[in-house]
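Colleague: Please take one part of this model and go through it closely: the charged side chains and what lies around them. I am new to this, so plain words would help.

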Amino acid sequence: MGRSALNTGEFPTTAQISEPPLDLPVPLEGRNYCGELDIHIDRSGAWFYNGTAINRKEMVCLFASTLLRADDGSYWLVTPTEMGCIEVEDSPFVITEMFTSGAGEETTISFCTNVDKMVTVSENSPILMKPSPLTGEMTPYVVLPGNIEARLERSVYYELVEHGVEMDLDDELIFGVWSSGSFFPLGSMRETDA
């Protein structure tokens, strides 16, 4: 498989392919193990092949449709015939748009990613506040199916905060949002007061 493979729909690979790790996202089941692919996704959600940006959104969406995450947090491109690991700086997707309906505890929040994936915030697709692996700052993410994470762009986060309410949880005042009948904490009001 050569460097021109990116144009053929096959995965480009590095020169050396080691044995597959134990923690695969799915069993090989006849797929070719491609090792570490020359593909990485930067913090902005831009995809790169061999250091060059992949500018065709259709190509990015095609690769994104094959993305899986292993239990160890690594990201993989998996097709019926091949699978290989890719590098992801932060999260593979970025939330670029937000949609809401209803009000109060009846609010439903949905997001759209940079690869046009839609997700509605719920117990199965929660909002998580956790440190960014790059900056260490508390950062909002949404969990997509397959435990794949999408980071909220700052402008979307500000829009989300406008829908926030305070709630007393275990004698602590928490700021968060409602969606699909569940409350998703964004932070402690104690931290805000500090």
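Modeller: Start with confidence. The chain has a mean pLDDT of 88, where pLDDT is the predictor's confidence in each residue, from 0 to 100. Of its residues, 88% reach 70 or more. Residues 1-8 fall below 50 in pLDDT, yet this stretch has 16 contacts in the model beyond near neighbours in sequence (contact means heavy atoms within 4.5 Å). This is a predicted model, in which local features need pLDDT of at least 70 and side-chain atom pairs count only at pLDDT 80 or more, while totals for chains, interfaces and linings use all residues. Residues are numbered from 1 along each chain as its sequence is written, and side-chain values use heavy atoms, with hydrogens and water left out.

Now the setting. The chain contains three helices and 15 strands; these are DSSP runs, numbered from the N terminus, with H or I over at least four residues for a helix and E over at least two for a strand. Of its 194 residues, 46% count as buried (buried is under 20% relative accessible area, exposed over 50%, partly exposed in between, with a 1.4 Å probe and protein chains only). About 10,500 Å² of the chain is exposed, and carbon and sulfur atoms supply 48% of that area (Shrake-Rupley method, 1.4 Å probe; for residues, only the protein chains shown count as cover). Take the contacts with a separation of 6 or more: residues 24 or more positions apart account for 49% of them.

Next, the charged pairs. Side chains of opposite charge can pair when their charged atoms come close. This structure holds five salt bridges, each a side-chain nitrogen of Lys or Arg within 4 Å of a carboxyl oxygen of Asp or Glu.

Look at D90 and R43. Their side chains meet in a salt bridge, at 3.0 Å from N to O. D90 sits in the loop between β6 (82-88) and β7 (93-101), and R43 in the loop between β1 and β2 (47-49), so this bridge ties together parts that are 47 residues apart in sequence. R43 is partly exposed, with a relative accessible area of 27%. D90 is buried, at 9%.

D90 has another partner. R151 forms a salt bridge with D90, and their closest N and O atoms are 3.7 Å apart. Here too distant parts of the chain are linked: R151 is in strand β12 (residues 148-152), D90 is in the loop between β6 and β7, and they are 61 residues apart. R151 counts as buried, at 10% relative accessibility. Put the pieces together: R43, D90 and R151 are linked in a network of salt bridges.

Now turn to K130 and E149. Their side chains meet in a salt bridge, with 2.9 Å from N to O. K130 is in strand β10 and E149 in strand β12, so the pair ties together parts 19 residues apart in sequence. K130 is partly exposed, at 26% relative accessibility. E149 is buried, at 7%.

K130 also meets a ring. K130 lies over the face of Y141, 5.2 Å from the ring centre (a charge sits over a ring if NZ of Lys or CZ of Arg is within 6 Å of the ring centre and within 35 degrees of the ring normal).

Follow Y141 to I127. The two are 14 residues apart in sequence, and their C-alpha atoms are 5.6 Å apart in space. I127 lies in strand β10 (residues 127-131). I127 is buried, with 5% relative accessible area. Neighbours within four places in sequence aside, the contacts of I127 are F111, V121, Y141, V142, L160, V177, F184 and L186.

Last, go back to strand β1. L37 is placed in this strand and counts as buried, at 6% relative accessibility. L37 and M83 are 46 residues apart in sequence, with 9.1 Å between their C-alpha atoms.

Y33 brings in the rings. The structure holds four aromatic pairs (rings of Phe, Tyr and Trp, the last by its six-membered ring, with centres within 6.5 Å; planes under 30 degrees apart are stacked, over 60 edge-to-face, the rest tilted). One of them is Y33 with W76, a tilted pair at 6.2 Å centre to centre and 40 degrees between the planes. Y33 lies in strand β1 (residues 32-41) and W76 in strand β5 (residues 75-78), so the pair ties together parts 43 residues apart in sequence. Y33 is buried, at 15% relative accessible area. W76 is buried too, at 2%.
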